[in-house]
Amino acid sequence: MRLQSVRRLISTHRKLPCCLRSQSRFGFEASNKGGVVCEDGAVRVLELQEILQLCARKQLTREGKCCHGLAVQAGLLADTLTCNILINFYSKGGRVDFARRVFDGMPERSLVTWNTMIAAHAQRGEDMEALDLFLQMRREGSLLSEFTLSSVLCACAARCAVTESQQLHALALKTAADSNVFVATAVLDVYAKCKMIRDARLVFDAMPEKSSVSWSSMVAGYVQNDLYEEAVWFFRRAHEMGVELTQFTLSAALSACASVAASTEGKQLHSVAIRAGFAANLFVATSLIDAYSKCGCIREAYLVFCNVEDENIVLWNAMITGFSKHARPHEAMMLFEKMRQRGLQPNEVSYVSVLSACSHVGLVEEGRGYFDLLLRDAAVRPNVLHYSCMVDVLGRAGRIDEAWELIRRMPFGASASVWGSMLNSCRVHGNVELAKIAAQHLFELEPDNAGNHVLLSNIYAASKQWGEVAEARKFLKDSGARKEIGKSWIDVRGKVHSFVVGENKHPRIGEIYTKLEGLRSEMNRLAYKVEVHHDLHDVGEGQKEELLRHHSERLALAFGLIELPSGTPIRIFKNLRVCGDCHSFMKTASMITDREIIARDTNRFHHFSRGHCSCGDFW
């Protein structure tokens with residue numbers, strides 16, 4: 001039935017005399033066609049139900065409400081089928097409150113009634129309402145179906161309700177509903193989201209039938225539990241078995257590649273996406289941009305971005321964030337402005353990304369401009385992350401007092417990210433007094449974060465306050481917080497090689513040290529001098545030089561020079577901030593070897609080429 005039929009029906013009914021439109025004059029009788037008709041040519045019940053279903057499909061809100069009015073006048077709110085259709089209509093239109101009013105007024109409810117209402121609450125994120133309704137359904141003795149269990153399990157997943165999920169799983173086993181692919185998938189999904197990935201895997205392995213959604217849920221589950229290599233392996237297995245790929249499976253696998261910076265697997269997944277026809281899909285394209293950016297391939301990320309015809313704010317944010325992380329502030333700002341010109345409204349993430357871009361290269365006035373624009377933007381409410389970025393913009397540029405004043409004027413309490421930005425700025429500019437204040441706040445907010453203790457200790461060491469260094473290290477030991485061991489890794493032909501300072505376990509460590517020494521000899525001929533002040537131990541300069549010589553990122557570089565063909569960029573990843581001397585070492589190495597060296601630390605990417613770094617020595 002077309003839209004014109006809906007409007008014609010309503011128009012016809014409005015032209016009837018008032019006496020015929022009143023509820024008291026609506027008498028119903030069975031027609032010879034099996035329907036129920038009104039006297040004097042009024043609306044058939046079956047026709048009204050069909051029109052309501054059309055309104056639900058086409059999202060015809062006004063027409064659907066008019067049909068609801070007809071149903072009220074005709075006394076049809078006692079009819080279960082009509083009420084079910086009304087609940088479905090309001091649920092699909094986002095008016096769950098109206099749907100619930102119809103539900104609560106029903107004298108009798110069917111299984112479809114309960115399922116539709118529970119699903120409506122779950123899909124709207126009203127998880128407690130869905131769970132409460134399910135309990136009410138059980139108390140009233142109503143039968144349940146696989147659809148009921150799936151909907152309630154989704155509500156449990158959103159709340160990470162472990163106990164309730166286990167009880168529902170037991171109920172599924174008791175009613176033999178666990179063999180249903182939708183129920184089993186919902187169970188494994190809720191277990192994965194509740195950090196019970198082993199239980200999720202047991203459910204998956206026991207499934208007699210697995211859908212593409214089941215495989216997607218397992219891949220996403222591994223990613224949610226930070227088991228990225230397992231996620232990539234699981235995706236490979238699904239692909240080899242000929243499982244139908246979906247945008248969600250690909251996106252989850254790409255997210256795993258991004259998290260471990262597995263560029264080889266990321267490129268392979270890009271090829272898979274192209275063959276499957278998903279390369280232009282907004283969901284997949286955004287994941288590709290994120291994966292390429294985090295793997296150090298910003299050019300490839302931009303090519304993906306340029307080849308997507310459709311656009312949304314998430315896609316643009318991913319590209320702006322990528323430029324920001326790769327110290328490309330001008331590209332990030334240009335994209336931000338172009339996005340606004342195309343009518344896309346910046347959101348919270350957009351402002352965080354462009355402010356971060358400004359902070360990484362000391363663009364204070366540009367940062368102020370974007371922060372002021374944010375404060376004037378009625379569509380976006382500034383949050384603590386925006387203030388943290390602005391503190392970083394000011395602090396990194398040496399305007400510590402202005403950053404401190406901004407923290408004092410914040411409309412809400414400062415978070416760990418704000419104090420972390422302040423502490424890092426104090427490290428860069430040697431402000432010991434404000435560093436103590438920032439560190440004290442961080443110790444209270446993040447008692448288990450050893451990095452804050454180490455950073456304060458390094459600030460003391462840089463100013464040669466060795467007594468305070470000893471006290472800070474004792475405080476760290478007494479706190480029980482564990483210091484993260486620095487390591488670097490490099491992906492060579494799809495295999496990740498990891499190194500720590502003074503590494504001796506790698507099977508080719510002898511060749512690596514020989515290559516590193518050869519590189520140092522060439523640097524010495526160029527009068528390269530080790531910047532020993534970057535080592536913060538209370539020892540002599542000779543010992544400091546020895547300690548700096550075998551940092552993990554240098555070992556990774558040497559291995560890359562041995563293994564990767566000439567002209568191939570070397571991509572190194574580190575879990576801590578790259579030290580100042582290693583930064584200078586990489587610049588010189590890029591000039592001697594004529595290689596592009598891309599290093600990612602905790603803050604950003606550094607692109608070293610011909611003796612220069614993309615960060616402009618500002619990081």
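Buried means under 20% relative accessible area, exposed means over 50%, and partly exposed is what falls in between. Keep those cut-offs handy, and bear in mind that this is a predicted model.

**Exercise 1. Take helix H32 (residues 580-593) and work out how many of its residues are buried, and which ones.**

Step 1. Start with the count: 11 of the 14 residues in H32 are buried, so the helix is mostly covered, going by the under-20% cut-off.

Step 2. Now put names to them. The buried residues of H32 are Gly580, Asp581, Cys582, His583, Ser584, Phe585, Met586, Lys587, Thr588, Ala589 and Ser590.

Step 3. Check the length. At 1.5 Å a residue, the 14 residues should span 20 Å, and the end C-alpha atoms are 20 Å apart, so the two agree.

Step 4. Look just past the end of the helix, where Asp594 has a positive phi of about 55°.

Step 5. For background, 51% of the protein's 619 residues count as buried. The protein has 32 helices and eight strands.

**Exercise 2. Find out what surrounds Glu553 in helix H31.**

Step 1. Glu553 sits in helix H31. Its relative accessibility is 3%, which makes it buried because that is under 20%.

Step 2. List the contacts, skipping neighbours within four places in sequence: Glu553 meets Ser488, Ile572, Lys574, Val578, Cys579, Cys582 and Met586.

Step 3. Tie this back to Exercise 1. Two of these partners, Cys582 and Met586, are among the buried residues of H32.

Step 4. Pick out Val578 from the list. Glu553 and Val578 are 25 residues apart in sequence, with their C-alpha atoms 8.0 Å apart in space.

Step 5. Set that against the whole protein: among contacts between residues at least 6 apart in sequence, 63% join residues at least 24 apart.

**Exercise 3. Place His551 and Val361 in their loops, and decide for each: buried, partly exposed or exposed?**

Step 1. His551 is in the loop between helix H30 (541-549) and helix H31 (552-563). With a relative accessible area of 16%, His551 is buried, because the cut-off is 20%.

Step 2. His551 touches Val501, Cys579 and Cys582, leaving out residues up to four places away in sequence. Cys579 and Cys582 also turn up on the contact list of Glu553.

Step 3. Val361 is in the loop between helix H21 (348-360) and helix H22 (364-376). At 23% relative accessibility, it counts as partly exposed, since that value falls between the 20% and 50% cut-offs.

Step 4. With the same sequence neighbours left out, Val361 touches Pro329, Cys615 and Phe618. Val361 and Ala327 are 34 residues apart in sequence, and their C-alpha atoms are 7.1 Å apart.

**Exercise 4. Look at Lys195 and Arg610: what is the sign of phi in each, and where do they sit?**

Step 1. Recall the background rule: most residues other than glycine have a negative phi.

Step 2. Lys195 has a positive phi of about 65° although it isn't a glycine. It lies in the loop between helix H11 (181-193) and helix H12 (197-206), and at 55% relative accessibility it counts as exposed.

Step 3. Arg610 has a positive phi too, near 50°, and isn't a glycine either. Its loop runs between strand E7 (605-609) and strand E8 (612-613). Arg610 is exposed, with a relative accessible area of 65%.

**Exercise 5. Work out how the buried residues of helix H29 (residues 509-525) are arranged around its axis.**

Step 1. H29 has 17 residues and reaches 25 Å from first C-alpha to last, close to the 24 Å expected at 1.5 Å a residue.

Step 2. Its buried residues are Ile509, Ile512, Leu516, Leu519, Arg520 and Met523.

Step 3. Seen down the axis, these buried residues of H29 fall within an arc of 100°, so they line one face of the helix.

Step 4. Turn to the face pointing away from the buried side: it carries the exposed residues Thr514 and Arg525.

**Exercise 6. Describe how H25 (residues 416-429) packs on H26 (residues 432-445).**

Step 1. Geometry: the two helices pack at about 150°, with axes 9 Å apart. The crossing of H25 and H26 is left-handed.

Step 2. Contact residues: H25 brings Ala416, Trp419, Gly420, Met422, Leu423 and Cys426, while H26 brings Leu434, Ala435, Ala438, Ala439, His441, Leu442 and Leu445.

Step 3. Sort them by character: 11 are nonpolar, two are polar and none is charged.

Note on methods: Residues numbered from 1 in each chain as written. Predicted model: local features only at pLDDT ≥ 70, side-chain atom pairs only at ≥ 80, totals over all residues. Heavy atoms only, no water. Axes fitted to C-alpha atoms, helices over the stretch in contact; angles between N-to-C directions. Helix = DSSP H or I, 4+ residues; strand = E, 2+ residues; numbered from the N terminus. Left-handed = near helix turned anticlockwise from the far one by under 90°. Contact = heavy atoms within 4.5 Å. Nonpolar A, V, L, I, M, F, W, Y, C, P; charged D, E, K, R; others polar. Expected span 1.5 Å × (residues − 1). Buried < 20%, exposed > 50% of the residue type's maximum accessible area, 1.4 Å probe, protein only. Arc of directions from axis to C-beta.
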